[in-house]
Amino acid sequence: MSGIKGWCPGALRPMESGDGWVVRVKPRGAMLSRDQAQGIADAAERHGNGLIELTGRGNLQLRGVTPDSHTPLIADLRALDLIDPDIATETRRNIIVTPFGGDATDALVRDLETALAASTLSLPAKFGFAVDTGAAPVLTRDPADIRIERAGSGLILRADGMGSGAALGSPQDAVALAGWFLERGGAIGGRGRMAALIAGGISPRADIAAPTAALAAAPGPTPQGMLAGFEFGQVPPDTLRRLGRLGALRLTPWRMMLVRGTRHLPPMPGLILTADDPRLRLRACSGSPHCAQAHAATRPMARDLAALVPHGAVLHVSGCAKGCGWPRTADMTLTATPQGFDLIRHGCAHDVPALRGLHPDQLPKVL
């Protein structure tokens, strides 16, 4: 097997990058047990370069894997029940999960995973599902094509891009909606998203209004446990081990983990434990030298500028115009180019910049 450049990585199909292969691990139910947390930390150090990243889809990425180390890595992860039987199943199983659900949410996710595994649908690599069945939806700002949400006393199934949904009978309904998406031509050449199909005037039956979204979550204690953030989503291996010893871990698409069963965490390397930490305002890809397409080191730059970012605003520093680290609008985006940094206001890394070719010394004056 060889790493694929520019592809959405998995574990069985890694992506080639500047520091080796990127291997993405999708824990079942977006949950890690103590043994799994320990095992992933060990595997990252044994088979990669020790870098672990929490992604915007609630997965973990291990970096620095090589062609020689990939096979033993997969063997170690398979022993931890972290590997799907094949690439097709791995690709379909894109599910983000609210950290504020309960046992019923966990059971629903397991049933959805089982239904997807039994399916033969060939979905786009970025096509995904959100199980957002807490008291109020918290994942509406996060990427998903099919959403399961709580509306009143029941659950609804909602196509992304619509303001209403239909009553959910079983998780198989979500798989059927994914099949509907394919039948209506939503995926062309293996690519496509539900919201684009809906925007084109094609929509499924939907007669129940979507619930009002909750405020964005932030690090701190919650009724379910302690929500902890990570600078740039990087999870030091020993921090992952220590967190796993404290309780089961729910991964989120916010570069945060919920440590179940505790409302207090001691300081640990990489952790963000308060909502006012300026690092929460930063978004940055791995940058140079970890990505061969990056034109600059992004995270040191973002860290140096954090104090200049207003509270509530987002600064995105991207190594190139692809914007992999934050493929959404940000208040301020700095896109590295061979000529310097381009500044985009209220846009994405590939949008038309307000200023071009800025030297790093100029950046504090223009933000």
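Q: Leaving aside its neighbours within four places in sequence, which residues is leucine 240 in contact with?
A: With those neighbours set aside, leucine 240 is in contact with Leu32, Ala37, Ile40, Ala41, Ile52, Val235, Leu249 and Met257. Contact here means heavy atoms within 4.5 Å. The model is predicted.

Q: Which residues touch the most other members of the largest nonpolar core, and what makes them members?
A: Ile40, Leu240 and Met257 touch the most other members of this core of 35 residues. A member must be buried, be of one of the listed nonpolar types, and be joined to the set through side-chain atoms within 4.5 Å. Leu240 belongs to the core, so Leu240 counts as buried. Helix H1 (residues 34–47) gives the most to this core, with five residues.

Q: Which residues does the second, separate core include?
A: Val109, Leu116, Phe129 and Ile198 are among its 28 residues. Nonpolar side chains tend to be buried together in soluble globular proteins.

Q: Why is aspartate 160 classed as it is, buried or exposed?
A: The relative accessibility of aspartate 160 is 18%. The cut-off for buried is under 20%, so aspartate 160 counts as buried. This residue is placed in the loop between E10 and E11.

Q: What is aspartate 160 in contact with, leaving aside its neighbours within four places in sequence?
A: Its contacts are Ala144, Asp145, Arg147, Met194, Ala195 and Ile198. One of these, Ile198, is included in the second core.

Q: How far apart are aspartate 160 and valine 309 in sequence and in space?
A: They are 149 residues apart in sequence and 31 Å apart in space, C-alpha to C-alpha.

Q: What makes E9 and E10 a pair of strands?
A: Pairing needs at least two bridges. Strand E9 (residues 146–151) is joined to strand E10 (residues 154–159) by six, and the two run antiparallel. The pairing criterion is therefore met. Glutamate 149 has isoleucine 156 in E10 as its bridge partner, and alanine 151 stands opposite glycine 154 in E10.

Q: How many bridges join E10 to E11, and why does that count as pairing?
A: Two bridges join E10 to strand E11 (residues 164–167), and these strands are antiparallel. The cut-off is at least two bridges, so E10 and E11 pair. Leucine 157 stands opposite alanine 166 in E11.

Q: What lies between the strands of the two hairpins?
A: E9 and E10 have two residues between them, and glycine 152 in that turn has a positive phi of about 65°. In the hairpin of E10 and E11 there are four residues between the strands, with glycine 161 at a positive phi near 100°.

Q: What kind of pairing does the sheet of six strands have?
A: The pairing is mixed, in an open sheet with the order E7-E8-E9-E10-E11-E12. Strand E8 (residues 129–132) runs parallel to E9, joined by four bridges, while E9 and E10 run antiparallel. Valine 131 has isoleucine 148 in E9 as its bridge partner.

Q: Why do strands E7 and E12 stand at the edges?
A: Strand E7 (95–97) and strand E12 (208–209) each have a single partner strand, so one side of each has no neighbour in the sheet.

Q: What makes E9 mostly covered?
A: Five of the six residues of E9 are buried. Each of those five is therefore under 20% relative accessible area.

Q: Which residues line the second largest pocket closest to its centre?
A: The pocket has a volume of about 200 Å³. Of its 14 lining residues, Leu157, Ala166, Leu177, Pro204 and Arg205 are the closest to the centre. E10, E11 and helix H5 (171–183) each give two or more residues to the lining, and E11 gives the largest share, four. By class the lining has nine nonpolar, two polar and three charged residues.

Q: What makes a space a cavity, and how many of 30 Å³ or more does the structure hold?
A: In a cavity a 1.4 Å probe fits but cannot get out. The structure holds three cavities of 30 Å³ or more. About 140 Å³ lies in the largest cavity. Of its 17 lining residues, Asn59, Arg93, Asn94, Ile95 and Ile96 are the closest to the centre. E7 gives the largest share of that lining, three residues.

How values were computed:
Residues are numbered from 1 along each chain as its sequence is written. This is a predicted model: local features need pLDDT of at least 70, side-chain atom pairs count only at pLDDT 80 or more; totals for chains, interfaces and linings use all residues. Side-chain values use heavy atoms; hydrogens and water are left out. On a 1 Å grid over the protein atoms alone, a cavity is a set of points where a 1.4 Å probe fits but cannot get out, and a pocket is an open set with protein on both sides within 12 Å along at least five of seven lines; lining residues have an atom within 4 Å of a point. Grid points are joined across faces, edges and corners, and a volume is the space filled by probe spheres set on the points. Ala, Val, Leu, Ile, Met, Phe, Trp, Tyr, Cys and Pro count as nonpolar, Asp, Glu, Lys and Arg as charged, and the others, Gly among them, as polar. Buried means under 20% relative accessible area, exposed over 50%, partly exposed in between (1.4 Å probe, protein chains only).
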